[in-house]
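Work through the exercises below with the sequence and the model side by side. Try each task before reading its solution.

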Amino acid sequence: MVDILKKAASGLMERMLSSALVVAVRTWPHADMHEIDLYLPDIDMDSWDTIKRLKCKVGTLEYRDYTPVLWNSETNVCTMLIDSGHAGAGSRWVRTLKPGDQVLFGPAHAASPPSQTGPILCFADASAIGHFLALKQLTDRSEHPMDVVVMIPDGYGIPEIFKEENPEFHFINGIGQAGLNMMEQWFLSKDLRDYNSIYIAGNVSMTKTLKTKLKASPNVHARIKGYGFWS
Ligand SMILES: Cc1cc2nc3c(=O)[nH]c(=O)nc-3n(C[C@H](O)[C@H](O)[C@H](O)COP(=O)(O)OP(=O)(O)OC[C@H]3O[C@@H](n4cnc5c(N)ncnc54)[C@H](O)[C@@H]3O)c2cc1C
């Protein structure tokens, strides 16, 4: 009986979703990061003026949010960067994806770019790299210089090409409390008065802790926005 109800609910949900096609899959050689190129035929990407999230079906009645980055409104192709080094339905799903697969998703708003110009400071873990690549695509560097600090596990290899193309991304090796301590050291070495906006995204407790610490700093005049992705 429970299975029949689940199947009915799943069918109902699926009818509300759009369909995308996996065009290409790339895996970072020394990291659990998958780049998925998706063709979204029915989506008007020209209207994307905020950071989006695609709620993807990753299993029966299982949905996970992923951020489209580097979208091209002429080809209707976007890329998602999915961190998959842990045991979870989303991680398992992305490891099986291959070109030609269908992805069911619902698009939604995730975050807005800053309303005022000026430097942006961003804090992330690996799951939020895409979120800040999307913010980069939506903003102009001359109006919004960016510093993005990303905590990654020891041994998580960032491809050279990524570093060359994204010099505003700085990587800190360490997760959990060790990563937080290093992030704190990093921001204490900066003049926080320089930043007009601060964004934090990724692990919920990382987001909350950094937000509290930054709010307590007398040098922070920026608006701080926090986005908890996973706990
Ligand atoms: C608006 C929004 C945008 C998002 N965009 C992205 C994105 O672009 N790329 C992306 O990778 N994720 C993104 N996420 C997070 C994503 O939706 C999932 O929550 C996350 O990937 C975990 O899903 P899962 O099924 O793999 O693991 P879950 O089933 O949620 O968790 C299983 C276990 O793994 C742990 N865990 C979960 N995630 C991680 C992680 N990243 N690192 C280490 N341990 C983890 C959990 O604590 C738990 O113990 C986004 C979330 C939101 C809300």
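## Exercises on a predicted model

**Exercise 1. Determine which domains line the ligand.**

Solution. The structure is a predicted model. Step one is to locate the domains: the assignment gives domain 1 (2–110) and domain 2 (112–230). Step two is to sort the shell around the ligand by domain. Both domain 1 and domain 2 contribute at least three residues to this shell, so the ligand shell is not confined to one domain.**Exercise 2. Describe the shell around the ligand: its residues, its elements and its chemical classes.**

Solution. Begin with the count. The ligand is surrounded by 23 residues, and the closest are Thr67, His86, Gly88, Gly90 and Gly130. Next, assign the shell to elements. At least two residues each come from strand S4 (62–66), strand S6 (77–83), helix H2 (89–96), helix H3 (129–138) and strand S12 (223–230). S6 gives the largest share, four residues. Last, sort the shell by class: 10 residues are nonpolar, nine are polar and four are charged.

**Exercise 3. Work out the strand order of the seven-stranded sheet and find its edges.**

Solution. Follow the pairing from strand to strand. The order is S4-S3-S7-S1-S2-S6-S5, the sheet is open, and the pairing is antiparallel. Now look at the two ends of this order. S4 and S5 are the edge strands; each has a single partner, so one side of each has no neighbour in the sheet. Finally, consider the twist: neighbouring strands are turned by 40° against each other on average, direction ignored.

**Exercise 4. Trace the two pairings of strand S3 (residues 51–59).**

Solution. Take S7 as the starting partner. S3 and strand S7 (residues 102–111) are antiparallel and share six bridges. Ile51 lies opposite Ala111 in S7, and Cys56 has Phe105 of S7 as its bridge partner. Then turn to S4. S3 and S4 are also antiparallel, with five bridges. Here Leu54 faces Tyr66 in S4. To see how the chain passes from S3 to S4, inspect the turn: the two strands form a hairpin with two residues between them, and Leu61 in that turn has a positive phi of about 55°.

**Exercise 5. Find how H2 and H3 lie against the strands.**

Solution. Treat the helices in turn. H2 packs on the sheet and touches strand S2 (33–39), S3, S4 and S6. The direction of H2 makes about 85° with that of S3. H3 lies across S3, S5 and S6, and runs at about 40° to S5. Compare this with Exercise 2: H2 and H3 also each supply at least two residues of the ligand shell.

**Exercise 6. Characterise the contact between domain 1 and domain 2.**

Solution. Use the centres as a start: taken over C-alpha atoms, those of domain 1 and domain 2 are 24 Å apart. Then count contacts. 15 residues of domain 1 are in contact with 16 residues of domain 2. On the domain 1 side, strand S5 (68–72) and S6 each supply at least two of the touching residues. By class, this side has 10 nonpolar, three polar and two charged residues.

**Exercise 7. Check whether the overall size agrees with that of a compact globule.**

Solution. First list the parts: the protein has six helices and 12 strands. Next, take the extent of the C-alpha trace, about 55 × 35 × 35 Å along the principal axes. Then compare the radius of gyration with the expectation. A compact globule of 231 residues would have a value near 17 Å; the protein has 18 Å, so the two agree.

Notes: Residues are numbered from 1 along each chain as its sequence is written. This is a predicted model: local features need pLDDT of at least 70, side-chain atom pairs count only at pLDDT 80 or more; totals for chains, interfaces and linings use all residues. A residue is near a molecule or strand if its C-beta atom, placed from the backbone, lies within 6 Å of it. Ala, Val, Leu, Ile, Met, Phe, Trp, Tyr, Cys and Pro count as nonpolar, Asp, Glu, Lys and Arg as charged, and the others, Gly among them, as polar. Domain bounds come from an automatic or database domain assignment. Two strands pair if DSSP finds at least two bridges between them. Two residues are in contact if their C-beta atoms, placed from the backbone, lie within 7 Å. Axes are lines fitted to C-alpha atoms, for helices over the stretch in contact, and angles run from 0 to 180 degrees between N-to-C directions. The radius of gyration is taken over C-alpha atoms; the globule rule is 2.2 Å times the number of residues to the power 0.38.
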